[in-house]
Structures are given as C-alpha cells and as structure tokens.
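Q: I have a model open and would like to learn how to read it. Could you walk me through its features?

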Amino acid sequence: MSKFLQILVNGISLGSIYALTAIGYSLIYSILQLINMSNAAVFLTSAVIFYALYSSITAGSVALTFILTLIAAGALGYVIEFIAIRPIREKGDSNTYALISSIGVKTILEQLCQGTFGSEIKPFPTLLAGKYINLAGARTSAIQIIIIVVTLVILLGMTWFTQHNRVGRGLRALSQNLNACHLMGMPVNTLIGLSFTVGSMLAAVSGVAYCMYLSSISISVGSAIGNKAFAATVLGGIGELKGAVIGGYILAIAENFVSGYWSMSASNFISFAILILVLIIKPTGIFGKKEQKKV
Amino acid sequence: MPLLEVKDLTIRFGGLVAVDNLSFTMEKGQVVALIGPNGAGKTTVINLLTGFYTPNEGEVRLNGENLVGMSTDQVVEKGLSRTFQNIRLFSNMSVEDNILIGMQHRIEYGAFLSLFPNSKKNHWEKEAKAETLEILKKVGLEDSLSEKSTSLPYGKQRKLEIGRALAAHPKILLLDEPAAGMNPAEKQELSTFIRSLLNEVDGILLIEHDMKVVMSISDKIVVLNHGAKICEGTPAEVQNNPEVIEAYLGKKGGHHDVARG
C-alpha cells in the first residue's frame, strides 16, 4: 500500500510539472492551431536563467530569483512570438512554416543554453532540502508538496484568468474565432503575444520546479520534459486547457507506476506509446472535440 | 463636413477590380444603405472601411480624418464598428462576455494591472458591467445575461452582435446583412430597431438584400454593380433608376444579361 501511495505522490508531483508546460502548448494551439515547439526550450532556458541569476546577482534569494526568472520568461515568450511567429502569421503563410520557425527558435535557445551553461550536470538550488513528510507511508519531500500546492494555486489562477481577466477573456475569444476578432478590430497581435507570455511563464514555473525537484540541472531537461508535456497535451485533447492538465497527471502517474512495478526504462517510452495509441484510437484526446471543417 | 466620406476607393485583387472608384458620403444622423446584386463588392467595401483590406487608391474620411492605412483595431478606436453577414458570436461565451469583448480596446488598464485587484481596474470593470447591462437593455437581451450566446434564437443572436458592436462606442455602425435569415415579422421589428440605433450612433451603414428593409429605413441608397457605383439617391430615386433595374433584373429586350446578377 505504501508503495502504491509513494508512486502516486511521485506521479502527482511530476504530473504537476507536465501539466504546467502542457497548458502552454494547449493555449497557443487553441488560438493559432500551432504546435509551439519552442515551449520546451523556454522550459530549459528559464531553468538556466534561474541558475545563472541565483549563482550571481540574486544569490541566496530563491523568491527574488524566481520572480526575475518569471519576468524574463514572459518577455522571452512575447519576443519569440514577435520575431518568429508574427511575421509568418501576418503574411498569411501556412502554419507549417510557423511550426518550423518554432522548431528553429527551440534549437537556437537550446544551443544558446548549451553555449553559456555547458553540457555537464550542475547542482540546482532547492527548497527545504532534506525535509520529508510521511504521508501514510509515502515519503514525500517538502519540494514535492510545494510543487503540488503551487501548481494547484496556478491552476486556480488560470481558471480565474480565463474567466474573469480582460486578457484571459480576450484569449478565449481569440480561441473561438480568431478571424472575427480580427475583423472586429480587437488588438489581436498583442493578445497573441500575451498568450506566448502566459505559456512561457507557465513553462518557466515548470522548468524551475523540475530542476528543484531533481536538485540538479542539465541541458537535457528541456527536451525530456517538453516532449512528454506535449504528449500529455495530445492525450488530454490539444486546445483544451483542462485536457492539458488531466493529460499531464495521467501520463506522469502512468509513468511512475510502470517504473515502480515494471521497469525504469519502460517508463521512458510509455508516454510515447500512450501518445501513439491516443493518435490511433482517439486523435482528439480525452477532452478534445471533433473539429468540423467549414467549407 | 460629412460624417463619413468615401472618396475614389479602389481595390484590385490580381486582375479583378473588386471595388472601382467608389465615392459616397454620409451625413450625421443618416442611415445609408449599400445595395447591389451578389458579388457587387458590398462586403469588400466594409472590409475596406474597417481596415481589413487596404485600398489601392482612395480615401475613407471619418469626420475629416483619413482612416486608410490604419489597422482594424485602430479603425475601431476611431469609431467604426461592424457586425457580420454570417453571425460570428463567441459561441462558448456568455451573452455578457460577448459584450465585454466588444469593449476590449476601450479598456483603460494594461495587461499588467489586470492581474491584481486595484482601484483603476475595479472601477473600470464595475463600469463595464453596468454598461453591458445597459447595452443589453437597448437590444432587449437583459434577461439573457448569463446565457450561452448560441442558445439564443437567431434574431436575438443578431441583436447581440449589434450590441457587441455598440460596446465599442462607435460613431458609425456597419451592419452587414442584418436581416439575413429573418422572417417577415422579425424583419419588420429589425427595421424599427435599426432606426432607433441612431440614438446611439451618429450614422449607420447598412448592407442589405431585403429591399423592403432597405427602402423603409434608409435616408440614402448607394447602388453597386461589379464594384462600381451605378446610382445614388433616396429610396424613391433609386427604385425608379433604369440602371438599377437593369442591374437587378437584366436588360430589357431579351439580352442574356439576366444571368449576370
């Protein structure tokens, strides 16, 4: 029983990390029908920024470093959209070009990170290191609890944001009828830029949280988690925010059970096995609605 | 100075001249209708006025200020707001949210301030909700505030769309075929309703196929055919204009032009 609980707790904390990044994929997809591959690189870049700030300017203050990292990630998201996506969008070119452009951004960011950070694994600051709580036999580290709680707060915040905030309201309108928003004269470009900001900030929380969870950072974290978060998005139904969250948790819990009861290496391909199965059986994911193409 | 002055407006798509040297004016307090057979370029004119297309030549002056070259959101800010031929409401959003979306560009606090409770935002949001209710009263939807927009009957969806356009505080309202798909009773009611909107805006530009609606509410009618203006005048003048009759019904004397409409 305690093993079961242990695995569940580990799954939920990892799922929180997937979910936050997955929301970024889903949000942008819901508006532009674009799979923004640069999201995974923002995850990594944010962790690297956190590391760099913490080991220099803001040494010692996790809170301050975290806030600065969030601001940097938000700005980075907006800039990515402005430079790499907007020009393609405004020319009216196919989304395939924007997808390739986002892969380009991903590669550039990853290379920049590798160039400045190096390729070795380094220790990452964490919170309340070595503190554990016993939850009915499940050894839960303080950082796991922090991650789960912070994620819940963010998810509640996102619900408020999309329902009651002016930007969130605008993004919802954009995701329902981008063309009408454009014709109505809504500030579409700014709103789309802000959707990248939101997605990037979530990826930043996720990236920093993951490295804190591992207490270490290496440049491979971005693609490892980024790809799985993307699988989670597809599993939940791409374009649906709640789908991204549920998908993230299901995937992470499934992975942990596979590695706990079967083998560690199997857990690494289970996400993608699930991804392929979903694409074959129900390509719209758990929550996705079938899109009716208007002719 | 006219409220709206369209001067020598021209746009070409490849070799096709979709709007050809179009000029007309609208005075304050007028309903001006833009009519013409299918494919005459009416919706293209609206897309030109709202900045969605940039004309190859010509000017669109609102109270003397040229709007050509402005983006769609700048044009809305200047005071032109539109509805659509095929209703484009935000289907998963409530009636209230649809109106609030129409106010988007008027919001006076930035994205950053929107994240925290603060007096500027609270004040604005309170006003916005109050105004939303007011607009909904004007279009007769105050009882449907929290309903999903697509659950409304068709006629009310049209009115919601008009309400959404009013939320932008336009000087001129552009209505693209508001009577489409309505039954005669609804059309009758719509005509009175559109006329009453002159209390809210300075002028209304109407695109409409239903001649009964057009003739009953327009102060001035501009007739387009193949992108060019063929006639302009009061309903009575337009009805008796031979060119208009030809454009709609084809040439007298057995030409094959009938099919061109």
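A: Here is a walk from the overall build of one chain down to a single residue, ending with the contact between chains. Keep in mind that this is a predicted model.

Q: Let's start broad: how many helices and strands does chain B have, and what does its radius of gyration say?

A: Chain B has 9 helices and 10 strands. As for the radius of gyration, you compare the value with the one a compact globule of 261 residues would have, near 18 Å; chain B comes in at 19 Å, which agrees. Along its principal axes, the C-alpha trace spans about 70 × 40 × 35 Å.

Q: What share of chain B is buried, and what share of its contacts join residues at least 24 apart?

A: For burial, you count neighbours: a residue is buried if 20 or more other C-beta atoms lie within 10 Å of its own. In chain B, 41% of the 261 residues pass that test. For contacts, take the pairs at least 6 apart in sequence; 64% of these join residues at least 24 apart.

Q: How is chain B divided into domains?

A: There are two entries in the assignment: domain 1 covers 4-79 + 170-260, and domain 2 covers 92-165. Their C-alpha centres lie 28 Å apart. Where they touch, domain 1 puts in 10 residues and domain 2 puts in 6. On the domain 1 side, helix H2 (residues 72-78) gives the most, with 3 residues. By type, that side of domain 1 has 5 nonpolar, 1 polar and 4 charged residues.

Q: Now the sheet. In what order do the strands run, and which ones stand at the edges?

A: To read a sheet, go across it strand by strand. Here 6 strands of chain B form an open sheet in the order S6-S7-S8-S3-S9-S10, with mixed pairing. Strand S6 (80-82) and strand S10 (228-233) stand at the edges; each has a single partner strand, so one side of each has no neighbour in the sheet. From one strand to the next, the twist averages 20°. For one pair up close, look at S7 (residues 172-176) and S8 (residues 203-207) of chain B: they run parallel and are joined by 5 bridges. Leu173(B) stands opposite Ile204(B) in S8(B).

Q: Which strands does helix H1 of chain B lie across, and is that helix enclosed or open?

A: H1(B) lies across S3 (31-35), S6, S7, S8 and S9 (220-225) of chain B, at about 150° to S7(B). Of the 8 residues in H1(B) (residues 42-49), 7 are buried, so the helix is largely enclosed by the rest of the structure. Among the buried ones are Val45(B), Ile46(B) and Leu48(B). After the helix comes Gly51(B), with a positive phi near 85°.

Q: Can we try a single residue? Is Lys78(B) buried or exposed?

A: In between: Lys78(B) has 19 C-beta neighbours inside 10 Å, so it counts as partly exposed. Lys78(B) sits in helix H2 of chain B. Leaving aside neighbours within four places in sequence, Lys78(B) is in contact with Leu62(B), Glu65(B), Leu67(B) and Met70(B).

Q: And how many residues are in contact between chain A and chain B?

A: 17 residues of chain A are in contact with 21 of chain B. On the chain A side, helix H6 (166-176) and helix H7 (178-184) each supply at least two residues. The largest share, 7 residues, comes from H6(A). Sorted by type, the chain A side has 8 nonpolar, 6 polar and 3 charged residues.

Key
Residues are numbered from 1 along each chain as its sequence is written. Chains are lettered from A and ligands numbered from 1 in the order in which they are written. This is a predicted model: local features need pLDDT of at least 70, side-chain atom pairs count only at pLDDT 80 or more; totals for chains, interfaces and linings use all residues. A residue is buried if 20 or more other C-beta atoms lie within 10 Å of its own, exposed if 12 or fewer, and partly exposed in between; C-beta atoms are placed from the backbone. Helices (H or I, at least four residues) and strands (E, at least two) are DSSP runs, numbered from the N terminus. Domain bounds come from an automatic or database domain assignment. Two residues are in contact if their C-beta atoms, placed from the backbone, lie within 7 Å. Ala, Val, Leu, Ile, Met, Phe, Trp, Tyr, Cys and Pro count as nonpolar, Asp, Glu, Lys and Arg as charged, and the others, Gly among them, as polar. Two strands pair if DSSP finds at least two bridges between them. Axes are lines fitted to C-alpha atoms, for helices over the stretch in contact, and angles run from 0 to 180 degrees between N-to-C directions. The radius of gyration is taken over C-alpha atoms; the globule rule is 2.2 Å times the number of residues to the power 0.38.
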